Amino acid sequence: MPSLPHHADVTAARQLGESTREVDILIIGGGVTGMLLLDRLHQQGYQVCLIERNALGHGQTIQAQGIIHGGLKYALGGRANAASRAIRDMPNRWRAMFDGTGDTDLSAVAIRSDNCYLWSTRSASSLLGLLGARLALRSRPKRVSAEDYPPALQGVTGPVLTMHEPVLDPQSMLQCLADRHHDRLALDEVIALEQKDAGVTVTTQSGLTWRAARVVLAAGQGNGPLRSMAGLDATAQQIRPLRMVMVRGVSTPLHGHCVRGGKPWLTITSAEATDGELVWQIGGDLAEQGVKMTPQDTIELAAKSLRTALPSCPVDALQWATYEAHRAEQSDEDGYRPDLPGLREDGCILTAWPTKLALAPLLVDELLEKLSSPPVPRPSHTSSPVADQATPPVAQPPWEEIDSWSTAPSAGPA
Ligand SMILES: Cc1cc2nc3c(=O)[nH]c(=O)nc-3n(C[C@H](O)[C@H](O)[C@H](O)COP(=O)(O)OP(=O)(O)OC[C@H]3O[C@@H](n4cnc5c(N)ncnc54)[C@H](O)[C@@H]3O)c2cc1C
């Protein structure tokens, strides 16, 4: 964790009688949910601050592949329900933000790709899955002719489609919002959280006491412990682990899903590391299987899968690493994976789980509605409540945290 403000600074603030801060709304957690909400609340004139204990996006947002899903998963299953209807509008909603015409100006965000590819291995079931994918999407996938395949898909014998699912760079999104709101961000750790006097009192490690009319917990995996601290039910949250794979040594970018058995088997996205190397992040069903295996076995499985899914991929020349990630979601009473964002309202405390980065704008809409009814007070403030606080940095993506990469596992039996 980055260091908190020096104790001497806090003592000085106390001596000035500034150890208590008042805001309309205090957000805890600076991932995609907290940062988009901060932007929208600030635009609406609320006095709002955000406390982050580590680095912005540390956890899911920085580990995400950044795909703005348009409902492929539901389309593959031929499902048309509330979740599929909600998610199919998300690519256009994000596109407006990237153009600077949406609810939040994200025109400075780096877009890794405008589209994702969808391809299958040769099995009949994956082909059926692909055909089913045309059903429930806002914009239909288009067939790509073989001469237009991107270099990474050369040699694929099954069908290749392209679909409107943009891929954003999560770090640049966080940076864009951090630059706009640095005087509303505090690097600090919450040590107590209590509802009292028609509001919430939050005490932090740096010695500050915050008074807020409403508090929004947007802390991802941290929501459970924060709810316990506030005396709320921590079982409202479920944690779903994944083991993601990363490879270096590829020469061309790829963004898309290889479908097998009617679901995304390998989801591959690409990013450039700070040393200029291209890195592929690989998730999908592989990441769900990988969490039940050792990192080395996951790499073996990934190598074997890439040989099948991408015949021209130089698998033996790649370098490999894995990282474990934890999806934090609202727990479903039946133990199923939720499809839509989760929101709990407990008095003056709201707890938010977007379920997907792509769905965060929908969650923010719901939060804004809750926060405006009944409207929270808007006292006039003159100075920034975090002027004497350290600002949290933006988290580094997982490939920047790897010390040593493994060499290619040898080819096993086909
Ligand atoms: C490997 C992986 C890949 C994914 N890929 C995609 C994708 O391609 N597309 C998609 O739509 N979704 C994807 N998701 C899901 C998406 O990343 C999450 O739904 C979303 O990022 C959650 O955002 P959040 O802001 O709620 O939480 P987080 O991103 O987890 O942020 C929580 C923040 O709160 C901070 N925090 C925690 N506890 C405290 C505390 N006590 N005090 C202060 N701060 C605290 C953390 O440090 C962190 O900065 C992926 C998830 C994973 C794990």
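Two bridges join strand β5 to strand β6 (residues 160-163), and the two strands run antiparallel. Lys142 of β5 has Thr162 in β6 as its bridge partner. Strands count as paired if DSSP finds at least two bridges between them. Helices (H or I, at least four residues) and strands (E, at least two) are DSSP runs, numbered from the N terminus.

This is a predicted model, in which local features need pLDDT of at least 70 and side-chain atom pairs count only at pLDDT 80 or more, while totals for chains, interfaces and linings use all residues. Residues are numbered from 1 along each chain as its sequence is written.

The pair β5 and β6 belongs to an open sheet of eight strands with mixed pairing, in the order β5-β6-β4-β13-β14-β15-β12-β16. Because β5 (142-143) and β16 stand at the edges with a single partner strand each, one side of each has no neighbour in the sheet.

Helix α11 lies across β12, β13, β14, β15 and β16, at about 65° to β12. Such angles run from 0 to 180 degrees between N-to-C directions, with axes fitted as lines to C-alpha atoms, for helices over the stretch in contact. Contact means that the C-beta atoms of two residues, placed from the backbone, lie within 7 Å. The cover over the buried residues of α11 includes these strands and α10 (285-290). A residue is buried if 20 or more other C-beta atoms lie within 10 Å of its own, exposed if 12 or fewer, and partly exposed in between.

Helix α8 has buried residues that pack against α2, α3, β7 (167-168) and β8 (185-187). The table sets the two helices side by side; the expected span is 1.5 Å times one less than the number of residues.

| Helix | Expected span | End C-alpha atoms apart | Buried residues |
|---|---|---|---|
| α11 (residues 295-309) | 21 Å | 20 Å | Thr298, Ile299, Ala302, Ala303, Ser305, Leu306, Ala309 |
| α8 (residues 170-181) | 16 Å | 17 Å | Pro170, Gln171, Met173, Leu174, Cys176, Leu177, Ala178 |

The ligand is surrounded by 41 residues, the closest being Gly29, Gly31, Gly59, Gly220 and Gly222. A residue is near the ligand if its C-beta atom, placed from the backbone, lies within 6 Å of it. Elements giving two or more residues to this shell are α2 (32-43), β2 (48-52), α3 (60-63), β12 (237-248) and β16 (319-330). The shell has 17 nonpolar, 20 polar and four charged residues. Here Ala, Val, Leu, Ile, Met, Phe, Trp, Tyr, Cys and Pro count as nonpolar, Asp, Glu, Lys and Arg as charged, and the others, Gly among them, as polar.

The protein chain as a whole has twelve helices and 18 strands. Of its 414 residues, 48% are buried.
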